[in-house]
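Thanks for coming. I have one structure to go through today, and I will put it on the screen before I start.

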Amino acid sequence: YCIPQLEEDAKKAYLHMEGGWHPLLTHPVKNSIRADRGVLLTGSNASGKSTFLKMVAVNAVLAQTIHTCAAESYHAPIFQIFSSMALRDDLLAGESYYIVETRSLKRILDAAQGSPPLLCVVDEVLRGTNTVERVAASCEVLQAIPQGNALCLAATHDGELCSLLSDCYDLYHFTETVGETEMTFDYRLRPGPATSRNAIRSEE
């Protein structure tokens, strides 16, 4: 673990973390991130995107509560921390998944316009709608968040977003190795967009 370095009155949202790991994993894989602007994660199913987002958010909370991080080093402003992850529809309230998700994103967009630095993690932006509208709307949402004093880390399966957001997001990915009988993952964060998918594999 490490003692975090927290900057008060920071003028810009950023996150520099070395060797971060999720404290609930028995055998975690450490990853580092130096985010001075938004981060867009791509990669195959089960490759580690959601766990990485949770690791970042958990360490930010630990840094600002018990002043201890599951990492080798952590340097960031004191954030407001928001997430849009693990959402579900609400049958009793009569709210579909799409409505719940848009409300969650609206909450982040409103907070991003404030003055304190904001850290937000978003998993699978607008997964509750069709592909064409999802790509267009996700692009608008993710472009709007960094316009405030906010740092956004988002995961997506929509590779089209990489080219659309490359001017305001750094691109990273996770990958897999597909064998004859199984897939394996090393859970290592790599620079650049994903170059493979594992939901459907074509035979050569």
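I will go through the nonpolar cores, then a pocket, then an aromatic pair, and end with salt bridges.

One caveat before the details: this is a predicted model. Local features are taken from residues with pLDDT of at least 70, and side-chain atom pairs count only at pLDDT 80 or more.

Start with the cores. The largest nonpolar core has 29 residues. Which of them touch the most other members? Those are Ile33, Leu41, Phe52, Val56, Tyr74, Leu151 and Leu153. If you want to find this core on the screen, several strands give it two or more residues: β2 (15-20), β3 (31-35), β4 (38-43), β5 (73-77), β7 (118-123), β8 and β9 (169-174). Helix α1 (49-65) is on that list too, and α1 gives the most, with seven residues. Another core lies apart from this one and has 25 residues, including Val125, Val135, Val141 and Leu165.

Stay with Phe52 for a moment. Once its neighbours within four places in sequence are set aside, Phe52 is in contact with Asn31, Ile33, Leu41, Leu153, Phe174 and Leu189. Of these partners, Ile33, Leu41 and Leu153 were also named among the core residues that touch the most other members.

Phe52 comes up again at the second largest pocket. That pocket holds about 210 Å³ of space. Its lining is made up of 17 residues, and those that lie nearest the centre are Leu25, Val29, Thr51, Phe52 and Tyr187. Which element gives the most to this lining? It is α1, with three residues. As I said, α1 also gives the most to the largest core.

Tyr187, from that pocket lining, takes us to the aromatic pairs. There are two in the structure, and I will show one of them. Phe185 and Tyr187 pair at 5.9 Å centre to centre, with 25° between the planes. Why is the pair called stacked? Because planes under 30 degrees apart count as stacked. Both rings belong to partly exposed residues: Phe185 has a relative accessibility of 21%, and Tyr187 has a relative accessible area of 37%.

Between those two in sequence sits Asp186, which brings me to the salt bridges. The count is five, and I will describe some of them. Asp186 pairs with Arg190 at 2.6 Å, N to O. Asp186 is partly exposed at 33%, and Arg190 is partly exposed at 27%.

Next, Lys106 and Asp110, whose side chains meet at 2.9 Å, N to O. These two residues are four apart in helix α2 (residues 97-112), so about one helical turn separates them. Lys106 is partly exposed at 46%, and Asp110 is likewise partly exposed at 45%.

Now the bridge between Asp158 and Arg134, with the closest N and O atoms 2.8 Å apart. This pair links distant parts of the chain, 24 residues apart: Asp158 is in the loop between β8 (150-155) and α4 (160-165), and Arg134 is in helix α3 (residues 131-144). Are these two residues buried or exposed? Asp158 is buried, with a relative accessible area of 8%. Arg134 also counts as buried, at 14%.

To recap the bridges I showed: Lys106 with Asp110 sits within one helix, α2, whereas Asp158 with Arg134 joins a loop to helix α3. That is what I have; I will take questions now.

Note on methods
Residues numbered from 1 in each chain as written. Heavy atoms only, no water. Phe/Tyr/Trp six-rings, centres within 6.5 Å; stacked < 30°, edge-to-face > 60°. Buried < 20%, exposed > 50% of the residue type's maximum accessible area, 1.4 Å probe, protein only. Salt bridge = Lys/Arg side-chain N within 4 Å of Asp/Glu carboxyl O. Core = buried A, V, L, I, M, F, W, Y, C linked by side-chain atoms within 4.5 Å. Contact = heavy atoms within 4.5 Å. 1 Å grid on protein atoms, 1.4 Å probe; cavity = no way out; pocket = protein on both sides within 12 Å on 5 of 7 lines; lining within 4 Å. Points joined across faces, edges and corners; volume = space filled by probe spheres on them.
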